[in-house]
Amino acid sequence: MSGPSERAASLEAGYTRTHRAYEWAGIAFAGWCLYGAALQLVELDDVHAGHWTGAILLALAFADLVSGLAHWAFDTWGGLDTPVVGKLAIRTFRHHHVDPKAITRHDFVETNGHNAMLSIVLSAPVAHAADAMPSFLALFLGFAALFVATTSQLHKWAHMDRPPAVVRVMQRLGLVLGPEAHAVHHTAPHEGAYCVTTGWMNLLLDRSRFFRVAERIITKLTGAVPRASE
Ligand SMILES: [Zn+2]
Ligand SMILES: [Zn+2]
């Protein structure tokens with residue numbers, strides 16, 4: 001049986017050139033769509049500061065919730081041989097549990113490429129059809145795209161011994177995920193604190209035992225057994 005370092009090395013070896021190209025494409029397309037969305041949002045003339053603040057807070061909570069749902073799903077179900085998401089996402093989550101500090105050694109592209117790609121489903125509609133939707137919805141989608149795209153960076157900073165000073169201040173204020181709150185996820189029994197954007201939704205999801213109920217329902221419907229995290 002292989003030890004943790006061999007498993008970490010084997011999971012890290014799954015980072016292929018094709019995956020790297022996919023991440024570069026994600027950064028390029030997401031950057032283009034976010035820029036297009038920003039151009040649309042600054043043109044909105046029927047919104048005031050309250051709309052901007054409300055949209056930003058709601059988008060932060062939404063991105064945090066999405067991060068928690070995705071993280072739980074990839075930690076709990078499937079494996080490296082699962083079609084599409086096995087190599088695209090599950091590998092990195094499994095690697096992260098075997099070697100949590102590895103994320104701090106990932107460069108900008110490896111850290112952000114995948115989430116950037118996902119953010120396009122939120123930013124593209126704003127970039128191309130902001131005037132066909134309510135202004136608040138356009139604001140919300142634009143910021144939700146931004147925060148989904150930056151979630152892995154926030155997760156990385158929560159693992160760094162010395163994140164940038166401004167980030168440490170935001171972590172201390174609870175505006176973004178902090179190292180102490182996230183350490184709960186990397187401590188046995190690894191059954192909570194899945195949200196990694198701001199961590200705001202963890203209290204609600206963990207106290208309500210949302211994921212345990214979801215696991216029981218999925219097991220009942222499919223027979224699949226949730227995987228114990230390490
Ligand atoms: Zn995890
Ligand atoms: Zn982590």
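Five histidines hold the zinc ion (ligand 2) in this predicted model. The protein donors are His96, His155, His159, His182 and His186. Each donates through NE2, and the donor atoms lie 2.0 to 2.2 Å from the zinc ion. Along the chain, the donors follow the spacing H-x58-H-x3-H-x22-H-x3-H. One pair among them links distant parts of the chain: His159 and His186, 27 residues apart. His159 sits in helix 6. His186 lies in the loop between helix 8 (179–183) and helix 9 (202–207).

Is His159 buried or exposed? His159 counts as buried because its relative accessibility is 10%, under the 20% cut-off.

Another histidine, His71, belongs to helix 3. At 1% relative accessibility, His71 is also under the 20% cut-off, so it counts as buried. What does His71 touch beyond its neighbours within four places in sequence? Its contacts are Phe93, His97, His185, Tyr194 and Val196.

**Pockets**

The two pockets below are listed with their volumes and linings.

| Pocket | Volume | Top contributor to lining | Lining by class |
|---|---|---|---|
| Largest pocket | About 690 Å³ | Helix 4, 8 residues | 16 nonpolar, 13 polar, 4 charged |
| Second largest pocket | About 180 Å³ | Helix 6, 6 residues | 8 nonpolar, 2 polar, no charged |

The largest pocket holds about 690 Å³ of space. Its lining counts 33 residues. Thr92, Phe93, His114, Asn115 and Ser152 are the closest to its centre. Several helices build this lining. Those that give two or more residues are helix 2 (17–41), helix 3 (49–76), helix 4 (85–98), helix 5 (108–129) and helix 6 (135–159). Helix 4 supplies the largest share, 8 residues. Phe93, one of the residues closest to the centre of the largest pocket, is also among the contacts of His71.

Which residues line the second largest pocket? They are Leu60, Leu146, Phe147, Thr150, Gln153, Leu154, Trp157, Met170, Leu175 and Val176. Helix 6 gives the most here, with 6 residues. No charged residue appears in this lining, which has 8 nonpolar and 2 polar members. The largest pocket, by contrast, has 4 charged residues in its lining.

Helix 6 recurs across these sites. It carries His159, a donor of the zinc ion (ligand 2). It gives two or more residues to the lining of the largest pocket. It also leads the lining of the second largest pocket.

How values were computed. Residues are numbered from 1 along each chain as its sequence is written. Chains are lettered from A and ligands numbered from 1 in the order in which they are written. This is a predicted model: local features need pLDDT of at least 70, side-chain atom pairs count only at pLDDT 80 or more; totals for chains, interfaces and linings use all residues. Side-chain values use heavy atoms; hydrogens and water are left out. On a 1 Å grid over the protein atoms alone, a cavity is a set of points where a 1.4 Å probe fits but cannot get out, and a pocket is an open set with protein on both sides within 12 Å along at least five of seven lines; lining residues have an atom within 4 Å of a point. Grid points are joined across faces, edges and corners, and a volume is the space filled by probe spheres set on the points. Ala, Val, Leu, Ile, Met, Phe, Trp, Tyr, Cys and Pro count as nonpolar, Asp, Glu, Lys and Arg as charged, and the others, Gly among them, as polar. Buried means under 20% relative accessible area, exposed over 50%, partly exposed in between (1.4 Å probe, protein chains only). Contact means heavy atoms within 4.5 Å. Donors are N, O and S atoms within 2.8 Å of the metal (3.2 Å for Na, K and Ca); water is not among the atoms, so sites may look incomplete.
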